[in-house]
Amino acid sequence: MSIDTYSAASVRQARERLLEAGVGAHGLTPRTLNVPPVIERSWRRSITTGGGCDPTATPAYHPFSELAGRFQDTAETVLARWAESLADMRVALLVSDRSGRILARKVGDPSHARRLDKVSAAEGFEFSESALGTNGLGTAMEERSAVFVRGAEHVNDRLQTLACAGAPIHDPLSQRVIGSLALASPVGASHPAMLAIAKQAARDLQDALLNTAPLELQALLARFAGGTAGHRVLAIGRGGVLASTGALPMLSAERHVTLWDELQAHHWQGDVASVLLAGRPSTARRIVNRAGESIYLVELPEDEPTAAPEPTRLSRLAAHLDVLGRTSGCIAIHGPRDSGKTLLAQLWLRERDRHDPVVIDAPALREPGAVVTAVQALSTGTSVVVRSVESLTDADFPVLQQLAGAADPVRSARVVFCVADDLTGVVFSFLGRLGPRLDLPALRDDPDRVIGLAVRLAQEHSVTLSPALLQALSRWDWPGGASELRVLIAAMVAYRPVGTVLDVDLLPVEMRTRARQLRGIAASEYRAIDAALREADGNRSRAAEILGIGRTTLYRKLRAYGLDGQNTLIS
């Protein structure tokens, strides 16, 4: 069935066939209904989600918050301009946000306005596909492309007197779908040209959003647009990084967080400062927007040779261990208890040897055959990590000497002894003579290493950590050391499927208050708001009632404390 061919009766029959047969493995074969593919896909999604296939559902009303702001104002302006051009048509223009809630509506014909009011197609009402099934606003966002939904193609009975042509609206910077624009007319007055008009109006709205961006952001974008491939420039803000092609490889996830903190902590005399990026002197410029927030533009001189990506703290430690391991079969890593010595050794040897080392608790070396097993591992090219060496006594010196004697600098396998700082006596003296050592500070004094370890642990679980989460981890004291970090990552992974991004909202509230450097009343208020949101299952109106404050006040505090779902870096 093409866009020019429509039969309400045949459409209803097709939908009934799909409902009866179902959409599972034993359901109706796709593309056998003789309806547009986009309509069939939407029907199938609506049936799967459950709520979207109720033909009697009524749109939910969601009051506006102060966050609607620029998008809503710009939509009103663009729709007013198009409404003048379409004054002779019985058509309404509507714009929704990403949730499907209608932000703006323009309609000239009073009778058509009353028709739309009867089906709640007005500001504040939700027209997402998951709530109302197939419709021009919601389906355009799900498909990420323009759609034309006529009469009986709507799942909802109340919408079947309308024809709607909808197009998604993309954020002009990130290209994410942030809403949709639709033209709605009576079915009998609809025309295929509505689809082209909807697409053009959506493009106009996207252009208008870009033009209404703050002047400092427009200047920033012009800096990128006017650059060349050799022009290496980064823009760093709370919400992320904008990078030219030449600069992108130079900033790791770890360096993004630490560079942001460095720039924030810098004592700015003016708006220009010098920083190091990938080991090269670079120029940083601070741009302060009208809300008082800073964006930093970091540029390398164009005559500088191409720089390699800046090494992370972990990669620098691994490179140092490589150097130490070239001259000796044994290496000692010293540091406070639970400072991540064993974890560092495992990560280094796994990368170096391409397989996991054998990890042995030092007291286990006293057991019969334990040293023999470790020596056999070394002979087959498998490195050995001995942890908690500080628990050995002078009487254990012979077994330690036997194991160390089996380490051969000519072979690839190495023995790494992980030693707490409080080791003394014969064992300590022996390790001092045995080979080189690496000293590690406590995790709380090495935030770059915290970030690196967290990233590597997350990779083992096939998840990614957001910059805001990495920043929060780098600001924690880690009284439980590396074990606390490992347990925390595993606990957060349990709440999210593989391949997703873990965000700061998964952290315990104490970690989040510390990350935001909140003290006294501010910390207490943060905890109270967090507890109210959890009690209300995320319903902000209910949370405001629990706290005894107005919704507008709550929205302002949510943004101030980073509880608004944005999860950006902390200033």
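1. Let's start with helix H4 (residues 110-118), whose buried residues are His 112, Ala 113 and Leu 116. Buried here means under 20% relative accessible area, exposed means over 50%, and partly exposed lies in between (1.4 Å probe, protein chains only). The three buried residues cover an arc of only 105 degrees around the axis, so they sit on the same side of H4; the arc is that of the directions from the helix axis to the C-beta atoms. On the other side of H4, Pro 110, Arg 114 and Lys 118 are exposed. An α-helix has 3.6 residues a turn, so residues three or four places apart point the same way. After H4 comes Ser 120, with a positive phi near 60 degrees.

2. A word on the source: this is a predicted model, in which local features need pLDDT of at least 70 and side-chain atom pairs count only at pLDDT 80 or more, while totals for chains, interfaces and linings use all residues. Residues are numbered from 1 along each chain as its sequence is written, and side-chain values use heavy atoms, with hydrogens and water left out. Helices (H or I, at least four residues) and strands (E, at least two) are DSSP runs, numbered from the N terminus.

3. What do the buried residues of H4 pack against? They pack against E1, E2, E4 and E5, where contact means heavy atoms within 4.5 Å. These strands belong to an open, antiparallel sheet of 5 strands in the order E2-E1-E5-E4-E3. Two strands pair if DSSP finds at least two bridges between them. Strand E2 (102-107) and strand E3 (147-150) are at the edges with a single partner strand each, so one side of each has no neighbour in the sheet. Strand E1 (residues 92-97) pairs with strand E5 (residues 177-186) over 6 bridges, and Val 95 has Leu 181 in E5 as its bridge partner.

4. Two further helices lie across this sheet. Helix H3 (residues 69-85) crosses E1, E2, E4 and E5, at about 15 degrees to E2. Helix H7 (residues 193-211) lies across E1, E3, E4 and E5, at about 30 degrees to E4. Axes are lines fitted to C-alpha atoms, for helices over the stretch in contact, and angles run from 0 to 180 degrees between N-to-C directions.

5. There is a second open sheet to look at, also worth tracing on screen: 5 strands with antiparallel pairing, ordered E7-E6-E10-E9-E8. Its edge strands are E7 and strand E8 (272-277), each pairing on one side only. E8 and strand E9 (residues 280-288) pair over 6 bridges, with Ser 282 in E9 as the bridge partner of Val 275.

6. Now for the largest nonpolar core, which has 46 residues; Leu 465, Leu 473, Trp 478 and Leu 507 have the most contacts inside it. Such a core is a set of buried Ala, Val, Leu, Ile, Met, Phe, Trp, Tyr and Cys residues joined through side-chain atoms within 4.5 Å. Helix H15 (447-460) is among the contributing elements and gives the most, with 7 residues. Why does this core lie between domain 3 (311-439) and domain 4 (442-514)? Because both domains give residues to the core; their bounds come from an automatic or database domain assignment.

7. Finally, Arg 238 lies in the loop between strand E6 (233-237) and strand E7 (240-243). Arg 238 counts as buried because its relative accessibility is 19%. The C-alpha atoms of Arg 238 and Pro 467 are separated by 9.2 Å, although the two residues are 229 residues apart along the chain.
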